[in-house]
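Q: Please take a close look at the aromatic rings here. Which of them pair, and how are the pairs arranged?

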Amino acid sequence: MTMDFKGQDLAERLFLMILSATTPLAFLLGFFTSSVPNMMLTFGVGTSVALAVAAIPWPIYRRNPLVWATAPAGEATNNDAGEATNNDAGVTELSAGPVGEAVEEVGTKMAGGKKGAAGKKGGAGRKGAGKGEKAT
């Protein structure tokens, strides 16, 4: 479970209030007792309390959940609009759509009219050419 936006704001304000109260208290305690360990112990306790209050997603921080709007039926999904997806080989491809068709057309023009080629030296059209291997 996560905090909502108002819960994050409340957690931040509580964290700052606790640290703002315990830091001067730790300094004054250390000053009047002439003891750095007392000061550090008091500051450490205050910091630990502030972290316990603010870092854990307590139910008080989840009172205003974010409500997501649902897409109307028949609307285009991401891939119908030509969004990029990864295939099984991990290569990013554009799905069919106006963006995918435009990219394919530009790629064909850049390759000199040859679909899939990226110029005379191989470029992005080569497969399997690694370090020290000759491009085909």
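A: What follows describes the aromatic pairs and then one residue of another helix. This is a predicted model, in which local features need pLDDT of at least 70, side-chain atom pairs count only at pLDDT 80 or more, and totals for chains, interfaces and linings use all residues. Residues are numbered from 1 along each chain as its sequence is written, and side-chain values use heavy atoms, with hydrogens and water left out.

Searching the whole structure gives 2 aromatic pairs. Rings of Phe, Tyr and Trp (its six-membered ring) pair if their centres lie within 6.5 Å; planes under 30 degrees apart count as stacked, over 60 as edge-to-face and the rest as tilted. The ring centres of Phe 27 and Phe 31 are 6.1 Å apart and their planes are at 20°, so this pair is stacked. Both residues belong to helix α1 (residues 5-33), 4 residues apart, about one turn of the helix. Helices (H or I, at least four residues) are DSSP runs, numbered from the N terminus. Phe 31 also pairs with Phe 32, edge-to-face, at 5.4 Å centre to centre and 75° between the planes. Ring pairs thus link Phe 27, Phe 31 and Phe 32 into a cluster.

Buried means under 20% relative accessible area, exposed over 50%, partly exposed in between (1.4 Å probe, protein chains only). Phe 27 is partly exposed because its relative accessibility is 49%. Phe 31 is exposed at 54%, and Phe 32 is exposed at 67%.

Thr 42 lies in helix α2 (residues 36-54) and is buried, at 19% relative accessibility.

Key. Helices (H or I, at least four residues) and strands (E, at least two) are DSSP runs, numbered from the N terminus.
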